[in-house]
Amino acid sequence: MIVGGGPAGSVAALVLAGRGIAVTVVESRAAPERKVGECVPPSVTPLLRHLGCEDLMERTGHLRSLGNRFVWGSSRPGDRPFLTGAQGDGWHVDRAVLEADLAARAQAAGATWESGRRIVRCERAGDRWRVTCRDSRVLDADIVADATGRTAFVARRLGATRVRYDRLVGACAFLYSATPDTDTYTLVEAVPEGWWYSAVLADGLLAVAFMTDGDLLDRRAWRSLLERTDATWARVRHHSYTVTGAVRVAPADTSRLDTIAGEGWLALGDAAAAYDPLSSYGVGSAMGSGFYGGNAIADLLAGRPEAREAYLTIMQNAYCAFLDQQLDHYARERRWPHAVFWARRRP
């Protein structure tokens with residue numbers, strides 16, 4: 001059983017169904033939701049191809065991305081085009097569309113999907129798990145995978161503890177323009193209070209997010225802080241973008257569980273390890289975790305206990321590499337050494 005039907009849970013279900021394992025996905029939401037700032041980098045293309053899902057990126061709702069633009073460490077913008085890489089372009093994805101498509105692929109492979117069903121209890125019953133839903137339905141499983149995102153709903157109830165490295169949050173909004181920007185580069189701009197992200201989506205909306213620490217955020221100042229940026233505000237002003245709804249705040253901290261696998265259970269995606277959005281690892285790392293976690297579960301059920309240690313090693317190596325990279329990226333911005341946000345990120 002997989003609790004959570006996001007990218008990590010969907011890919012794990014697809015892998016398990018493909019290996020002949022009876023798998024049920026329990027998802028609390030009735031349908032996927034749209035999120036701000038979802039980018040699939042070119043590095044995910046080989047995994048999509050291996051899963052037979054590369055064609056999903058060509059579907060309506062996703063926009064090809066040609067690279068990243070950054071105002072970081074200097075007031076002069078720099079570009080990093082994907083054209084110079086060997087894996088093609090990236091994608092600005094509609095998260096709701098992507099999740100629905102991945103879920104459909106998993107179900108077509110044989111996975112059972114339980115949408116709109118919330119878990120309230122997960123406990124051992126002999127050598128199996130008994131999972132109780134809010135509507136009193138009881139489900140049994142040999143192994144339970146937690147793919148519930150940063151909340152790690154199941155793993156924390158089984159004794160795991162969340163370890164947080166920072167307090168990063170994103171104050172996010174969608175902006176509309178009658179003459180939208182056609183530049184598909186992702187723009188990241190550092191400011192004294194944190195940094196800004198913006199990207200054009202397939203429907204012309206501009207996704208804009210202000211990233212800072214939760215205790216430093218004043219949601220009422222979002223607009224005035226936006227107007228004080230250079231490249232980001234120029235993008236908004238030039239195309240007469242206006243905010244379409246309320247500014248939403250979402251957690252974006254770098255965090256992990258102190259243990260991501262135990263007897264008969266393991267954690268996937270953000271539940272296991274969540275990444276700073278600056279890395280652009282979000283969707284890609286979740287799908288990768290789902291792939292390796294799904295194969296680990298299948299191997300465990302086939303009587304190969306070493307699969308748990310292999311999964312732990314893969315996840316730990318990836319996260320350690322990310323932490324080194326994160327430290328390097330933040331160290332490159334030295335313009336505001338006394339600003340609280342940046343002082344917290346010095347080595």
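Val188 is a good place to start in this predicted model: leaving aside its neighbours within four places in sequence, Val188 is in contact with Arg69, Phe70, Val71, Trp72, Trp195, Trp196 and Leu278. The residue sits in strand β15, which covers residues 186-191. Its relative accessibility is 13%, so Val188 counts as buried. A longer link along the chain is also worth a look: Val188 and Gly78 are 110 residues apart in sequence, and their C-alpha atoms are 10.0 Å apart in space.

Gly78 also serves as a reference point for Pro277. These two residues are 199 places apart along the chain, with 19 Å between their C-alpha atoms. Pro277 belongs to the loop between β23 (273-274) and α8. Is Pro277 buried, exposed or partly exposed? With a relative accessibility of 35%, Pro277 counts as partly exposed, because that label covers values between 20% and 50%. Its contacts, leaving aside neighbours within four places in sequence, are Leu168, Trp195, Met211 and Ala252. Trp195 therefore appears in two contact lists, that of Val188 and that of Pro277, under the 4.5 Å contact limit.

**Helix packing**

Two packed helices are described by the angle between their axes and the distance between the axes. Three pairs are set out here.

| Helix pair | Axes come within | Crossing angle | Handedness |
|---|---|---|---|
| α8 and α9 | 8 Å | roughly 165 degrees | left-handed |
| α1 and α3 | 8 Å | roughly 20 degrees | left-handed |
| α1 and α8 | 7 Å | roughly 35 degrees | right-handed |

Let us take α8 and α9 to begin with. Helix α8 runs over residues 282-301 and helix α9 over residues 306-331, and their axes cross at roughly 165 degrees. That angle makes α8 roughly antiparallel to α9. On the α8 side, the contact is made by Ser289, Tyr292, Gly293, Ala296, Asp299 and Leu300. On the α9 side, the partners are Ala307, Arg308, Tyr311, Ile314 and Met315. Sorted by class, this contact has seven nonpolar, two polar and two charged residues.

Now for α1 and α3. Helix α1 spans residues 7-18 and helix α3 spans residues 95-109, with axes that cross at roughly 20 degrees. With that angle, α1 is roughly parallel to α3. Helix α1 brings Pro7, Ser10, Ala13, Leu14 and Ala17 to the contact, and α3 brings Arg95, Glu99, Leu102, Ala103, Arg105, Ala106 and Ala109. The class count for this pair is eight nonpolar, one polar and three charged residues.

One of the α3 residues in that contact, Ala103, deserves a closer look. What does Ala103 touch, not counting residues up to four places away in sequence? The answer is Ser10 and Trp113. Ala103 is buried, at 10% relative accessibility. Its C-alpha atom is separated by 8.2 Å from that of Gly6, although the two residues are 97 places apart along the chain.

Helix α1 also packs against α8, with axes that come within 7 Å. Here Pro7, Ala8, Val11, Ala12, Val15 and Leu16 in α1 meet Val283, Ala286, Met287, Gly290, Phe291, Gly294, Asn295, Ile297 and Ala298 in α8. The residues of this contact divide into twelve nonpolar, three polar and no charged.

**The nonpolar core**

How many residues does the largest nonpolar core have? It has 65, and those with the most contacts inside it are Ile2, Ala13, Leu51, Val144, Leu266, Leu268 and Met287. Two of these names came up among the helix contacts: Ala13 on the α1 side of the contact with α3, and Met287 on the α8 side of the contact with α1. Val144, for its part, touches Met1, Val3, Cys122, Trp129, Val131, Val154, Gly264, Trp265 and Leu266, not counting residues up to four places away in sequence.

**Two serines with positive phi**

Ser136 has a positive phi of about 75 degrees although it is not a glycine. Its place is in the loop between β10 (128-133) and β11 (138-141), and with a relative accessible area of 60% Ser136 is exposed. Ser240 has a phi near 55 degrees, again a positive value in a residue other than glycine. Ser240 lies in the loop between α6 (231-238) and β18 (242-243), and at 54% relative accessibility Ser240 counts as exposed.

Definitions and conventions. Residues numbered from 1 in each chain as written. Predicted model: local features only at pLDDT ≥ 70, side-chain atom pairs only at ≥ 80, totals over all residues. Heavy atoms only, no water. Core = buried A, V, L, I, M, F, W, Y, C linked by side-chain atoms within 4.5 Å. Buried < 20%, exposed > 50% of the residue type's maximum accessible area, 1.4 Å probe, protein only. Axes fitted to C-alpha atoms, helices over the stretch in contact; angles between N-to-C directions. Helix = DSSP H or I, 4+ residues; strand = E, 2+ residues; numbered from the N terminus. Parallel < 35°, antiparallel > 145°, perpendicular 65-115°, else oblique. Left-handed = near helix turned anticlockwise from the far one by under 90°. Nonpolar A, V, L, I, M, F, W, Y, C, P; charged D, E, K, R; others polar.
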